[in-house]
Amino acid sequence: MRALSGERYFEDRYVNTCNGVVLLAADGYSRRGRCALWNPAVADVVRDVAVPDPAKGTDYLVLGLGYGRRSKTYKLLLCRWQRFEYSLQVYALGGQPRLRAVSSTGLDTKIQSQESLYMDGTVFVLDVDKPVILAFDVDDETVATIDMPGERDPDWPWHARSKLMEMSGRLCVATNHGHNR
């Protein structure tokens, strides 16, 4: 019997949940992009996953897990760091696992946060110090950005005040817009 309480399980951090499968990963960048998939409905079964044979000097941050309805495939979204360059990568699980680059809209800086939410075929990623949310379409393997509303309060270090949430089937986040809002 296993239980997840708080945001950590042993050394790993809770990242997100997709179709009842819990994604746990190392806190921060790691050499193999190692993570664990846990289905609480199946007693004592945890599947460890790692990116196969990463290039030397490459680290990965596990950003989220999603399911493509058309492709019928679970996929991990990763941020790859190599020689001071960042890119988004997708790692398809099942069948023949594969790792490939994702076409994105200008990932120019390091993603610091593993704050994500899966909803209806899309993995949303929030990096609290940036004014955008990344939206990864699991089937199309494309990334779009969603601008967060308002200007950041200069007295608060981040643009977002809350974690990503689903409310009435819609993506929600409390932003830091103005003093005490």
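**Exercise 1: Getting oriented**

Task: Start with the inventory: how many helices and strands does the protein have?

Solution. Run through the secondary structure of this predicted model, and you get 0 helices and 15 strands. Next, take the surface: about 10,000 Å² is accessible, and carbon and sulfur atoms own 51% of that. Burial comes next: 42% of the 181 residues count as buried. Finally, look at contacts with a separation of 6 or more: residues 24 or more positions apart account for 43% of them.

**Exercise 2: The sheet from β6 to β9**

Task: Work out the strand order of the sheet that holds β6, β7, β8 and β9, and say which strands sit at the edges.

Solution. Step one is the order: this is an open sheet of 4 strands, β6-β7-β8-β9, paired antiparallel. Step two is the edges, where β6 (58–68) and β9 (98–101) each pair on one side only. Step three is the twist, which averages 25 degrees from one strand to the next.

Now go pair by pair. β6 and β7 run antiparallel and are joined by 10 bridges, with G64 standing opposite L77 in β7. β7 (residues 73–82) and β8 (residues 85–92) also run antiparallel, this time with 8 bridges. Within that second pair, L76 has Y91 as its bridge partner in β8, and Q82 has E85.

**Exercise 3: Two hairpins**

Task: For the hairpins β6/β7 and β7/β8, find which residue takes a positive phi.

Solution. Take the β6/β7 hairpin to begin with: there are 4 residues between the strands, and K72 has a positive phi near 50 degrees. Then move on to β7/β8, with 2 residues between the strands; here R83 takes a positive phi near 50 degrees.

**Exercise 4: An arginine in a loop**

Task: Is R69 buried or exposed, and which residues does it touch beyond its sequence neighbours?

Solution. Locate R69 in the loop between β6 and β7. Its relative accessible area is 53%, and the cut-off for exposed is over 50%, so R69 counts as exposed. For contacts, skip residues up to four places away in sequence: R69 touches D120 and D139. As a distance check, the C-alpha atoms of R69 and V138 are separated by 8.4 Å, although these two residues are 69 apart along the chain.

**Exercise 5: Aromatic rings**

Task: Search the whole structure for aromatic pairs and describe the geometry of what turns up.

Solution. The search gives 1 aromatic pair. The partners are Y67 and Y74, at 4.7 Å centre to centre with 50 degrees between the planes. Why call that tilted? Planes under 30 degrees apart would be stacked and over 60 edge-to-face, so the rest are tilted, and Y67 with Y74 falls in that last group. One more property of Y74: with a relative accessible area of 27%, Y74 is partly exposed.

**Exercise 6: The nonpolar cores**

Task: Find the largest nonpolar core and say which strand gives the most to it.

Solution. Count members to begin with: the largest core has 32 residues, and those with the most contacts inside it are L23, L63, L65, L76, L88 and F136. Then map the core onto strands. Elements giving two or more residues include β2 (12–18), β3 (21–25), β4 (35–38) and β12 (132–137). The top contributor is β6, with 6 residues.

Zoom in on L23. Ignoring neighbours within four places in sequence, its contacts include Y14, V15, C35, L37, V62, L65 and L76. Apart from this core lies another, of 8 residues, with M119, L126, A135 and M148 among them.

For a last look at burial, turn to β7: 7 of its 10 residues are buried, so the strand is mostly covered.

**Exercise 7: The other four-stranded sheet**

Task: Repeat the sheet analysis for β10, β11, β12 and β13: what is the order, and where are the edges?

Solution. The order is β10-β11-β12-β13, an open sheet of 4 strands with antiparallel pairing. The edge strands are β10 (115–119) and β13 (142–147), each pairing on one side only. Neighbouring strands are turned by 25 degrees against each other on average, direction ignored. For a close-up, take β10 and β11 (residues 122–126): they run antiparallel and share 5 bridges. Y118 stands opposite V123 in β11.

Methods. Residues are numbered from 1 along each chain as its sequence is written. This is a predicted model: local features need pLDDT of at least 70, side-chain atom pairs count only at pLDDT 80 or more; totals for chains, interfaces and linings use all residues. Side-chain values use heavy atoms; hydrogens and water are left out. Rings of Phe, Tyr and Trp (its six-membered ring) pair if their centres lie within 6.5 Å; planes under 30 degrees apart count as stacked, over 60 as edge-to-face and the rest as tilted. Buried means under 20% relative accessible area, exposed over 50%, partly exposed in between (1.4 Å probe, protein chains only). Two strands pair if DSSP finds at least two bridges between them. Axes are lines fitted to C-alpha atoms, for helices over the stretch in contact, and angles run from 0 to 180 degrees between N-to-C directions. A nonpolar core is a set of buried Ala, Val, Leu, Ile, Met, Phe, Trp, Tyr and Cys residues joined through side-chain atoms within 4.5 Å. Contact means heavy atoms within 4.5 Å. Accessible areas come from the Shrake-Rupley method with a 1.4 Å probe; for residues, only the protein chains shown count as cover.
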